[in-house]
Amino acid sequence: MTKTQQRGRSACATDRSQARRRDLIAVGRKLFADTSYDALSMDDIARHAGVAKGLIYYYFTNKRGYYLAIIEDAVAQLAERAGASPDLPPYERVRHTVDGYLRYAQHHQAAYRTIVTGGVGFDAEVQALRDAVRARMLTTLARGAWGRDDLPCLARTALIGWLSGVEGVTLHWIEEQRLPRETVCDLLVRGLEDTLRLIAEHEPDCPAPPVG
């Protein structure tokens, strides 16, 4: 077998391994959406996934590793969905971020609740993942509004306050499901506009982007 053939076989094996890992994460996302962490055993997970329990240990080491991998995957999807679109004007980029955030929460409610509330009691690693989501959201908002990553202390504090409100509103919205997503997006964007104007009053280097 030539080296080229060996590399090809290795690449195929890697692709199959990654696909299997993604499949297991998808199964786990559904399981943890309906059943508490403590109520699920590795035997339960393996049975629902239709695989040997050893395969889950191979990919994730233990149940905690599996659970964290599911949350990490959810975080990556949320960050991607709420990512900035650089070809849009500043105001539209900000609105795109908020709408993408809400879309993710609407279609992945259990995962969103876990990200925002921390999942199983207080867990430092889960909390770190939640903080990473917030940090990426702040960076996306800063780039969308001002085309920069670095934020003065006042701007960061104000945006964290707004984002905390977004989390509370979104949790309530996906629980009630009584308002259209577009209406909730309008409410949150209006609140963000007020926050950006307040920031601009105190930080001349952070002017509020033009609306519309």
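Is Pro210 buried or exposed? Pro210 is exposed, with a relative accessible area of 58%. This is a predicted model. The protein chain has nine helices and zero strands. Of its 212 residues, 40% count as buried. The points below go from the overall fold to single residues and charge pairs.

**Overall fold**

- Read along the sequence, the pattern of the protein chain is α-α-α-α-α-α-α-α-α.
- Take the contacts between residues at least 6 apart in sequence: 66% of them join residues at least 24 apart.
- The accessible surface of the protein chain is about 11,600 Å². Carbon and sulfur atoms account for 51% of that surface.

**The annotated region, residues 41–60**

- An unreviewed UniProt entry lists residues 41–60 as "DNA-binding region". The annotation may be inferred rather than shown by experiment.
- In the model, this span is 80% helix and 0% strand. Its end C-alpha atoms lie 14 Å apart.
- Helix 2 covers residues 42–49. Its buried residues include Met42, Asp44, Ile45 and Ala46.
- Gly50 comes just after helix 2. Gly50 takes a positive phi of about 70°.
- Helix 3 covers residues 53–60 and holds Tyr57.
- Tyr57 counts as partly exposed, because its relative accessibility is 36%, between the 20% and 50% cut-offs.
- Which residues does Tyr57 contact, leaving aside its neighbours within four places in sequence? They are Met42 and Asn62.
- Tyr57 and Met42 are 15 residues apart along the chain. Their C-alpha atoms are separated by 8.8 Å. Met42 is one of the buried residues of helix 2, so this contact ties Tyr57 of helix 3 to helix 2.

**Helix 6 and its cover**

- Helix 6 runs over residues 109–117.
- Ala111, Tyr112, Thr114, Ile115 and Val116 are buried there.
- What covers these buried residues? The cover includes helix 4 (63–81) and helix 5 (90–107). It also includes helix 7 (124–146) and helix 8 (153–176).

**The segment after helix 9**

- Helix 9 spans residues 181–202, and Glu203 is found in the segment after it.
- Pro210 lies in the segment after helix 9 as well.
- Pro210 and Ala145 are 65 residues apart in sequence. In space they are 9.3 Å apart, C-alpha to C-alpha.
- Glu203 is buried, yet has no salt bridge. The nearest side chain of opposite charge is Arg148, 6.9 Å away. A salt bridge needs the charged atoms within 4 Å, so Arg148 is out of range for Glu203.
- Leaving aside its neighbours within four places in sequence, Glu203 is in contact with Pro152 and Leu154.

**Salt bridges**

- Side chains of opposite charge can pair when their charged atoms come close.
- The model has 14 salt bridges.
- Arg148 does pair with Asp150, at 3.0 Å from N to O.
- Glu176 and Arg178 meet in a salt bridge at 4.0 Å, N to O. Glu176 counts as partly exposed, at 37% relative accessibility. Arg178 is exposed, with a relative accessible area of 70%.
- Glu182 and Arg181 meet in a salt bridge at 3.5 Å, N to O. Glu182 is partly exposed, with a relative accessible area of 45%. Arg181 is buried, at 12%.
- Which residues are linked with Arg181 and Glu182 in a network of salt bridges? They are Asp99 and Arg103.

**Cysteines**

- How many disulfides does a search of the whole structure find? The search finds zero.
- Cys153 counts as exposed, because its relative accessibility is 64%.
- Cys185, in contrast, is buried, with a relative accessible area of 1%.

Notes
Residues numbered from 1 in each chain as written. Heavy atoms only, no water. Helix = DSSP H or I, 4+ residues; strand = E, 2+ residues; numbered from the N terminus. Buried < 20%, exposed > 50% of the residue type's maximum accessible area, 1.4 Å probe, protein only. Lys, Arg positive; Asp, Glu negative; His and termini not counted. Contact = heavy atoms within 4.5 Å. Disulfide = S-S within 2.5 Å. Areas by Shrake-Rupley, 256 points an atom, 1.4 Å probe, with all protein chains shown as cover.
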